[in-house]
Amino acid sequence: MRYSPEHKQETHDRIVKKASVRLREKGAHGIGVADLMKEAGLTHGGFYAHFDSREALVIEAFGYAMDRSMEYWRKLTGEAAPEKRLALVAESYLSTLHRDNPGHGCSIPALGAEIARESPKTRKAFAGKLDQMIEMMTDYIPNMPRKAARKQAIATLATLAGTMLLARIAGSNELSDEVLKAGRDSALDGVKRQPKVPAGKKVKQS
């Protein structure tokens, strides 16, 4: 039976979406192709009709996950004043809801350590999405020269992802909550310490 291109694309997208959740929950090597296809309601044999390799699926799945994180940030900050956006992202990121739902959260603490050991192709794809995320956070720091804002964005993202990783290692207990609070306070303190541009002075973008 032949399916339309639209049906094939819908099936492809469903596999990617399912895989993005399971990879964040179980890790890059924690679930096999057969299991992923079964969850998508398909047979193992149909996998190569959609992907050249398992690596291709992993790359597309974590790219999808990173895109969803950035899409969520846009919705979260859409109505906020520019100088409030980074704080909103930090507070939402370092929440117990995010900690307890890795399958629907940021890929960096969920998969970062594993991706760092993957092939150059996979690492390059992840690095590209990471750079997009950094650039988005840089846009949320409006009162600094671009170079300095990007440096602050990298430091903030590192604090957020590192804190979430430690909080998940600690589990859902007092230590984990303590880690979340310490990371949140540190991230928000960094946001508050952003230097302000004097009234009437333009920021030189570089």
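Lysine 75, written Lys75, is exposed in this predicted model, with a relative accessibility of 65%. Its partner is Glu71, and the side chains of Glu71 and Lys75 meet in a salt bridge, with 3.4 Å from N to O. Glu71 has a relative accessibility of 28% and therefore counts as partly exposed. Where do Glu71 and Lys75 stand in relation to each other along helix H3? They are four residues apart in helix H3, so about one helical turn separates them.

Allow me to turn to a second pair. Arg99 and Asp177 also form a salt bridge, and their closest N and O atoms are 2.8 Å apart. This pair links distant parts of the chain: Arg99 belongs to helix H5, Asp177 belongs to helix H9, which covers residues 174–192, and the two positions lie 78 residues apart in the numbering. Is Arg99 buried or exposed? Arg99 is buried, because its relative accessible area is 8% and buried means under 20%. Asp177, at 37%, is partly exposed.

The third pair is Arg150 with Asp131. The closest N and O atoms of this salt bridge are 2.6 Å apart. Arg150 lies in helix H8, residues 146–170, and Asp131 lies in helix H7, residues 120–139, so the salt bridge ties together parts that are 19 residues apart in sequence. Arg150 is partly exposed, at 26% relative accessibility, and Asp131 is likewise partly exposed, with a relative accessible area of 33%. Which residues are linked with Asp131 and Arg150 in a network of salt bridges? They are Glu135, Asp139 and Arg146. Across the whole structure, the search finds 11 salt bridges.

I now move from contacts to empty space. Rolling a probe the size of a water molecule over the atoms shows where such space is left. In this structure the largest pocket holds about 530 Å³ of space. It is lined by 23 residues, and those closest to its centre are Arg68, Ser69, Tyr72, His104 and Gly105. Which elements give two or more residues to that lining? They are helix H1 (5–26), helix H3 (54–77), helix H4 (85–93) and helix H5 (96–99). H3 supplies the largest share, nine residues. As for chemical character, the lining residues comprise 10 nonpolar, eight polar and five charged.

To close, I return to helix H3. This helix holds both Glu71 and Lys75, and H3 also provides the largest share of the pocket lining.

Notes: Residues numbered from 1 in each chain as written. Predicted model: local features only at pLDDT ≥ 70, side-chain atom pairs only at ≥ 80, totals over all residues. Heavy atoms only, no water. 1 Å grid on protein atoms, 1.4 Å probe; cavity = no way out; pocket = protein on both sides within 12 Å on 5 of 7 lines; lining within 4 Å. Points joined across faces, edges and corners; volume = space filled by probe spheres on them. Nonpolar A, V, L, I, M, F, W, Y, C, P; charged D, E, K, R; others polar. Salt bridge = Lys/Arg side-chain N within 4 Å of Asp/Glu carboxyl O. Buried < 20%, exposed > 50% of the residue type's maximum accessible area, 1.4 Å probe, protein only.
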